[in-house]
Amino acid sequence: MDKKSSCLSFKTLDEANIYENRREFEILAMAMEHASDSMIVTDRYNNIVKVNKAFLKTFGYEKKDVIGKNTNFLSSGKYDTSFYTQMWNTLVKEKHWSSEIWNKRKNGAIFPAWVSISAIMDENHKIQNYLAIFTDLTALRESQEKSFKLAYYDQLTGLPNRQKIVADMDKRNPSVCVIFNIDDFKEINDFYGIEIGDTILHQVGEWFCKMNFFPYRISGDEFAILLYDNFTWNDLHNRISALMSLLEENVFCVNHERVTIRMSVGAAFGHNKLLTRADIALNRAKKHKRSIALYAEDENIEETYLSNMRMSDSIRTALAKKRIICHYQPIVNLISGQIEKYETLVRMVDNDGNIISPAHFLSIAKKTKLYPQITAEVINQACSLFSSRSEDFSINLSDSDLRDPHIVKEIIHTIKKTGTASRVVFEILESEGIENYDEVVQFIATAKALGAKIAIDDFGTGYSNFENILKLNVDYIKIDGSIIQGITDNPRHHIVVETIVNFAHKIGAKTIAEFVSSEPIHDAVKELGVDYSQGYYTGKPEEILFS
């Protein structure tokens, strides 16, 4: 058989068109049958004439159950007559309609689907059939719901989280925000274990719900509530106090362990930055050891935060532009009257060339993790300067310095490199470093092995401990300036200084009096046998230039 005889042939053009139409219909029917979306064809009266496999699977019917039936049985019952009237009017006018609607399966379950309905016209341009395509959105909506819960709900307690309270405040405009922080929750975790701690957090959330509040868990041990009524501060304070009394009476039980908890509370009124302001109030309550605190507009705390951020930026700029500098204050031998040592004191130069005291920037540097860079700069400058001088010099080290292995490594490297190990004195605050005794002992042993000396700074205030001095084998005891300044007027100060001097001499340590600001004070400490004097009377802190 040749190629020509194998081809189809038609007597007329109509026959060819009929064949092509039939082929198109068969292709469309096959595509419909195997489509992943549910598809139905109805007559002009909305009675089903054809369905595909996906429809039967999605809706749970067999073919015989639906053919010839009106599509009303697929309705979820969520929509009134006006909805369907508008839908059909659009179909008649536009010949197409689509929307997300809820439908009903055979088992009665309702589910969301994107439904697209198109009118099929006859040769006279009249509606003959409708084709409806259903895209099941169940999996998509479940995924969106899961994502929503992950974003807006706490996974431990199931309560709405910080993101959700922010969204709710924007949407619902509450009048009051109250934050509750569990006191000493870390100790609960440390004592009972994290699992019991987590269970307690869950129970606290449930307790708030039982008290007819709608709590949010906004951080590890913090919960918050929003209120929408108008309150006076007294009314709100009384309500919170009553709630906290009930909390203290409640006993949380976990694995036969009975735990009672207390909370610190911060509250804020108004419709502006409620969460931030309630958090500020909470911080004030904890700082001043009060159970409840209210945000006060006149405290201007937010301006303080802005000032802190500006100072943080200034510190970063100063570090980058080498505007962290050192001044050096003389330390005078009270017997010879000669300057034998200097204390290194850090300063910052601002954009206008003004000298900024460390009192204004060191605390912020510690909070913003810039402090190690300042320490490294001070060590480098001081050691470099005194590598070419003969005097001893001291550098202050904080608790965070002693706990930072990188800073300790930098210190040891620098004093070796500059050859200043035998003349450097490291001053450690007695109130700071001793709390981390192991780190202090390790550092002292390493530094002393290289020839460095150790001083205890600000001794004589707070809970000064003579036992620590013995354990640490210090070379110098610096007597706190608050005691020295009152030595000429207060007999008790005189006795304290005398006691420290006698103790120091017996253990072989030298004493340095700080804040010696006048001749009478200078003479008094000299008479008591103090070894060295430091203060404005004998010399102010000044910059020393390389010679």
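How many bridges join strand β6 to strand β11, and in which sense do the two run? In this predicted model, β6 (residues 176-182) and β11 (residues 263-269) run antiparallel and are joined by seven bridges. One spot to look at along this pairing is V176, which sits opposite F269 in β11.

Zooming out, β6 and β11 belong to an open sheet of five strands, and reading across it gives the order β7-β8-β6-β11-β12, with mixed pairing. The edges are taken by β7 (216-219) and β12 (292-294), each of which pairs on one side only. Going from one strand to the next, the twist averages 25°.

Then there are the helices. Helix α9 (residues 194-210) lies across β6, β7, β8 (222-227) and β11, and runs at about 15° to β8. Helix α11 (residues 274-287) also packs on the sheet, where it touches β6, β7, β8, β11 and β12. The direction of α11 makes about 140° with that of β11.

Further along the chain, strand β16 (residues 392-397) pairs with both β14 and β17. With β14 (residues 339-349), the strands run parallel and three bridges join them; here K341 has D392 in β16 as its bridge partner. The pairing with β17 (residues 424-429) is likewise in the parallel sense and covers five bridges, with N396 partnered by E427 in β17. As for its surroundings, β16 has five of its six residues buried, meaning under 20% relative accessible area, so this strand is largely enclosed by the rest of the structure.

Technical notes. Residues are numbered from 1 along each chain as its sequence is written. This is a predicted model: local features need pLDDT of at least 70, side-chain atom pairs count only at pLDDT 80 or more; totals for chains, interfaces and linings use all residues. Side-chain values use heavy atoms; hydrogens and water are left out. Two strands pair if DSSP finds at least two bridges between them. Helices (H or I, at least four residues) and strands (E, at least two) are DSSP runs, numbered from the N terminus. Axes are lines fitted to C-alpha atoms, for helices over the stretch in contact, and angles run from 0 to 180 degrees between N-to-C directions. Contact means heavy atoms within 4.5 Å. Buried means under 20% relative accessible area, exposed over 50%, partly exposed in between (1.4 Å probe, protein chains only).
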